[in-house]
Amino acid sequence: MRWINRAKVLWSFLRGAERVPGLPVEYIVETTAKCNLYCPMCPRETHKQPKEDMSDQIFERLVEGAAQTGEHMMLIGLGEPFMDRKIFDRIEFCEKHGVATLLSTNGTFLDEAMATRLLDSRLRHITLSFDGATKETFEHYRKGAKFEKVRDNFVRFCRMKHARGAKLQIVVQMVRMPGNAHEADDFRRFWSGIDGVDQVRIKEDETNLVQPEKQLRATSINRRCHYLWRGAMYVKQDGRVFPCCQSYSLDGAPVGDLREQPLEEIFNSEEMRRLRRAHTEGRAAEIDMCARCSTPIPHPLLVAASLLVNGSWVRRAMPMVERLIYSRKQPRKLLSPIHGDLVQIQAPEAANRDSAL
C-alpha cells in the first residue's frame, strides 16, 4: 500500500497536479508545545507557545488516518519531546500502526534511566541537537542547558546503544550559524569518534532568526516545492495542520484542522490545491510564506528518488547527500534555494530604529 501511495504522490508531483490521490509520506507532529530552553534560532521565540500537550484524540486520529500510507512521523515541533509524559505511548501507538517514529532532543532529560527506556522502545531514529563544540558557544545557543551535562548525556546514550548493538539510528546535529560555524570541524571530529553515533550532521540554518538583517524575499521562484506533494506536513499540538513546518513560522495559514476534518480532506483542501496550483504555474513568489522561505529545496531528480524508496532510507541518506553537496563533491544545484531574484527584507528591529531617527 505504501509503495502505491508513493507512486501516486510522485506522479502527481511530476505532473504538477493540484489534487493528489494519496497522502503524505511523512509528518512532523508536535506532541507537546512545552520546552525548557531558550534558543535564539528557534521559531518559538517569535511565536509564543502554550504549555500544552497534544490530546490523545488528535494524535490517534492522525496516526489512524496515516496508517496505510505514512512511512514515518517525526514527533517533534516547537517543544522538547521528553516534556510530553506520553511520548513513549505515542511511539508505541505509531509502531503498532506500522508507522516508524523519529525524535529530536535537546538532551537535558536524557539521563541513564531515560536512555535505557528509550533503547527499550521501538523508536527508529533520533537526532541529538548540540549546537557547538565549546561550552561558551553551546550555552549561547542553548540557554538554560549545561554543556557538560548534555554532552555527557549524549555520549553515555550513544555508548549504551553501541554496547547493546541496538539498531536505533543516532544522528548528532549542529545547526550552522554565525557564532558556531568556525567550530564545525571540531564538532565533527569529536562526535565522529563516539561509539554508537551513526552520522554527524552540520545542518544549515533555515530560520534567519539569528541574523534577521539578511532576510530575503524572492521576486521569482524557480522550483516547485516538494513539501506540498510528499510532505512533511506539520501538525501543531492543537490539531491545526500546516503544509510544512516553515509555513507556520512564516505566518502561513493552516490548511486544515484535525479536530474538524479527516486527513484526506485536509491534504486536498482548497488551500492546499491553491498552493500547488501557484507553484505549478510559476506564481509561488506571490505567496508570502513561500517568498520568504529560505529552506533549500532538492532538485526534482532527488525528489523523485526519495519517492522510489521507503522513507527510512531517505532519512538515512539525507545527511550524506547534504555533506556531498555542501563540500562541492556533488553539484550545488541538487540542493539549492527555490529563489530566483531576491530583495532584502528590512528586519522589524531595523525598521523601528529607522522610524525613530
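Glycine 98, which comes just after helix α3, takes a positive phi of about 80°. That residue is a handy signpost for the first exercise. The model you are looking at is predicted, so local features are taken at pLDDT of at least 70 and side-chain atom pairs at pLDDT 80 or more, while totals for chains, interfaces and linings use all residues. Residues are numbered from 1 along each chain as its sequence is written, and side-chain values use heavy atoms, with hydrogens and water left out.

**Exercise 1. A helix and its surroundings**

Find out which residues of helix α3 are buried, and which elements they pack against.

*Solution.*
Step 1: Locate the helix. α3 covers residues 87-96. Helices (H or I, at least four residues) and strands (E, at least two) are DSSP runs, numbered from the N terminus.

Step 2: Check how covered α3 is. Of its 10 residues, 7 are buried, and the helix is mostly covered. Buried means under 20% relative accessible area, exposed over 50%, and partly exposed in between (1.4 Å probe, protein chains only).

Step 3: Name the buried residues. They are Ile87, Phe88, Arg90, Ile91, Phe93, Cys94 and Glu95.

Step 4: Look at what surrounds them. The buried residues of α3 pack against two helices, α2 (56-66) and α4, and against the strands β2 (72-74) and β3 (100-105). Contact here means heavy atoms within 4.5 Å.

**Exercise 2. Salt bridges across the chain**

Trace three salt bridges, starting from arginine 277, aspartate 120 and lysine 161, and describe where each partner sits.

*Solution.*
Step 1: Begin with the rule and the count. A salt bridge is a side-chain nitrogen of Lys or Arg within 4 Å of a carboxyl oxygen of Asp or Glu. By this rule the structure has 25 salt bridges.

Step 2: Take arginine 277. Its salt-bridge partner is glutamate 18, and the closest N and O atoms are 3.1 Å apart. This pair links distant parts of the chain: arginine 277 belongs to helix α11 (residues 270-280), while glutamate 18 is in the loop between α1 (2-15) and β1 (26-29), 259 residues apart. Arginine 277 is partly exposed at 30% relative accessible area, and glutamate 18 is partly exposed at 29%.

Step 3: Move on to aspartate 120. Its side chain meets that of arginine 164 in a salt bridge of 2.8 Å, N to O. Aspartate 120 is in helix α4 (residues 112-120) and arginine 164 in helix α6 (residues 147-164), so this pair ties together parts 44 residues apart in sequence. Aspartate 120 counts as exposed, at 54% relative accessibility, whereas arginine 164 is partly exposed at 42%.

Step 4: Finish with lysine 161. The side chains of lysine 161 and aspartate 198 form a salt bridge of 2.7 Å, N to O. Lysine 161 is in helix α6 and aspartate 198 in the loop between α7 (184-192) and β6 (199-204), so the pair ties together parts that are 37 residues apart in sequence. Lysine 161 is buried, with a relative accessible area of 6%, but aspartate 198 is partly exposed at 36%.

Step 5: Look for shared partners. Asp56, Asp84, Lys86 and Arg90 are joined into one network by salt bridges that share partners.

**Exercise 3. Two serines**

Place serine 104 and serine 249 in the structure, then list what each one touches,.

*Solution.*
Step 1: Start with serine 104 in strand β3. At 17% relative accessibility, serine 104 is buried.

Step 2: Follow its side chain. Serine 104 makes a side-chain to side-chain polar contact with serine 129, at 3.3 Å. A polar contact is a pair of N or O atoms within 3.5 Å; within protein, one must be able to donate a hydrogen and the other to accept it, and residues adjacent in sequence count only if both atoms are side-chain atoms.

Step 3: List the contacts. Not counting residues up to four places away in sequence, serine 104 touches Ile76, Glu80, Pro81, Thr127 and Ser129.

Step 4: Turn to serine 249, in helix α9. This serine counts as buried, at 16% relative accessibility. A polar atom of its side chain lies 3.1 Å from the backbone oxygen of glutamine 246. Leaving aside neighbours within four places in sequence, serine 249 is in contact with Pro43 and His47.

**Exercise 4. Distance in sequence and in space**

Is aspartate 185 buried or exposed, and how far apart are aspartate 185 and alanine 133?

*Solution.*
Step 1: Find aspartate 185 in helix α7. Its relative accessibility is 57%, and aspartate 185 therefore counts as exposed.

Step 2: Compare the two distances. Aspartate 185 and alanine 133 are 52 residues apart in sequence, and their C-alpha atoms are 8.9 Å apart in space.
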